[in-house]
Amino acid sequence: GLPGHPVARWAAVFFSLFVVALQISIAASQALLAVTGVLYAIHLLKDRPAIRFLPVKLPLACFCVFSIASIFWAANPTVGWFAVRKLVLFLIWILAVNLIVSREHLRRLVLAFCMVSALAGVVAIAQFVVQYRDVRAHHPDQIYRILTSLRIDGFMGHWMNFGGQQMLAYGLLMGFLLL
């Protein structure tokens with residue numbers, strides 16, 4: 001199940017949608033993460049639950065503090081502040097630990113994530129088939145050269161994002177199946 005408090009329950013639903021949407025649209029997933037953060041903040045202010053942390057809070061806090069401190073000695077602090085803004089994404093760990101409260105919820109979330117990954121893989125295969133047929137029809141003597149410069153990207157706008165997401169999903173699936 002989901003958390004007992006109604007606001008926390010909705011935050012858990014939006015967090016689950018965020019995780020599933022990661023492989024479909026980065027913009028949509030970030031919007032869902034923002035909604036999750038707002039709902040969880042409301043839950044913290046309204047219900048005052050105990051916040052659970054992963055056992056990496058001290059190393060993570062040191063990393064964040066030293067990352068911020070390093071900007072003051074950087075040759076170009078503007079670039080550093082841009083990178084430091086992304087430290088807020090470590091809050092995803094707090095959201096995950098506090099909003100995924102049951103083994104069943106985690107199991108369903110992992111399966112949904114892997115199913116979306118499989119769907120993205122099918123889309124990528126279809127992209128390759130379309131690209132191959134197009135290249136074969138228009139440039140039959142240059143198939144290898146052209147196809148090595150074209151890349152499939154699933155639902156993502158870049159093949160590196162797609163490839164990284166597929167590898168993470170594969171690693172998650174292997175861990176899930178083995179453990």
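These legends describe close-up views of a predicted model.

**View 1. Helix α2 along its length.** Helix α2 covers residues 26–47. At 1.5 Å a residue, its 22 residues should span 32 Å. The end C-alpha atoms are 31 Å apart, which agrees. After α2 comes Arg48. The phi of Arg48 is positive, near 50 degrees.

**View 2. The buried and exposed faces of α2.** Which residues of α2 are buried? They are Ser29, Leu32, Leu33, Thr36, Leu39, Tyr40 and His43. Seen down the axis of α2, these buried residues fall within an arc of 135 degrees, so they line one face of the helix. They pack against α1 (6–21) and α5 (91–99). The face turned away from the buried side carries exposed residues: Ala27, Leu45 and Lys46.

**View 3. Helix α6 and its surroundings.** Helix α6 runs over residues 103–138 and has 36 residues. From its first C-alpha to its last, α6 reaches 52 Å. That is close to the 52 Å expected at 1.5 Å a residue. Many positions can be picked out along α6 as buried, including His105, Leu109, Val110, Phe113 and Cys114. Val116, Ser117, Ala120, Gly121 and Ala124 are also among the buried residues of α6. So are Gln131 and Val135. What covers the buried residues of α6? The cover includes α1, α5, α7 (143–147) and α8 (159–178).

**View 4. The largest nonpolar core.** In soluble globular proteins, nonpolar side chains tend to be buried together. Here the largest nonpolar core has 17 residues. Those with the most contacts inside it are Ala11, Phe15, Phe18, Val19, Tyr40, Leu95 and Leu99. Which elements give two or more residues to this core? They are α1, α2, α5 and α6. The most comes from α1, with seven residues. Apart from this core lies another, of five residues. Leu60, Cys64, Ile71 and Leu87 are among them.

**View 5. Val19 and its contacts.** Val19 is one of the residues with the most contacts inside the largest nonpolar core. Leaving aside residues up to four places away in sequence, Val19 touches Leu109 and Phe113. Both Leu109 and Phe113 are buried residues of α6.

**View 6. A salt-bridge network in α6.** Side chains of opposite charge can pair when their charged atoms come close. The count of salt bridges comes to two. In one, Arg107 pairs with Glu104, and the closest N and O atoms are 3.0 Å apart. Arg107 and Glu104 are separated by about one helical turn, because they are three residues apart in helix α6. In the other, Glu104 pairs with Arg108, and the closest N and O atoms are 2.8 Å apart. Glu104 and Arg108 are four residues apart in helix α6, so about one helical turn separates them too. Shared partners join Glu104, Arg107 and Arg108 into one network.

**View 7. Exposure within the network.** Are the three network residues buried or exposed? Arg107 is partly exposed, with a relative accessible area of 36%. Glu104 is also partly exposed, with a relative accessible area of 32%. Arg108 counts as exposed, at 56% relative accessibility.

**View 8. Gln23, a buried loop residue.** Where is Gln23 found? Gln23 sits in the loop between α1 and α2. Its relative accessible area is 2%, so Gln23 is buried. The side chain of Gln23 reaches the backbone oxygen of Phe113 at 3.2 Å. The side chain of Gln23 also makes a polar contact with the side chain of Ser117, at 3.5 Å. Not counting residues up to four places away in sequence, Gln23 touches Phe113, Val116, Ser117, Phe155, Met156, Gln165, Gln166 and Ala169. Of these, Phe113, Val116 and Ser117 are buried residues of α6.

**View 9. Arg85, an exposed loop residue.** Arg85 lies in the loop between α4 (77–84) and α5. With 55% relative accessibility, Arg85 counts as exposed. Arg85 and Gln165 are 80 residues apart in sequence. In space they are 22 Å apart, C-alpha to C-alpha. Gln165 is one of the residues that Gln23 touches.

How values were computed:
Residues numbered from 1 in each chain as written. Predicted model: local features only at pLDDT ≥ 70, side-chain atom pairs only at ≥ 80, totals over all residues. Heavy atoms only, no water. Expected span 1.5 Å × (residues − 1). Buried < 20%, exposed > 50% of the residue type's maximum accessible area, 1.4 Å probe, protein only. Arc of directions from axis to C-beta. Contact = heavy atoms within 4.5 Å. Core = buried A, V, L, I, M, F, W, Y, C linked by side-chain atoms within 4.5 Å. Salt bridge = Lys/Arg side-chain N within 4 Å of Asp/Glu carboxyl O. Polar contact = N/O pair within 3.5 Å; in protein donor to acceptor, adjacent residues only side chain to side chain.
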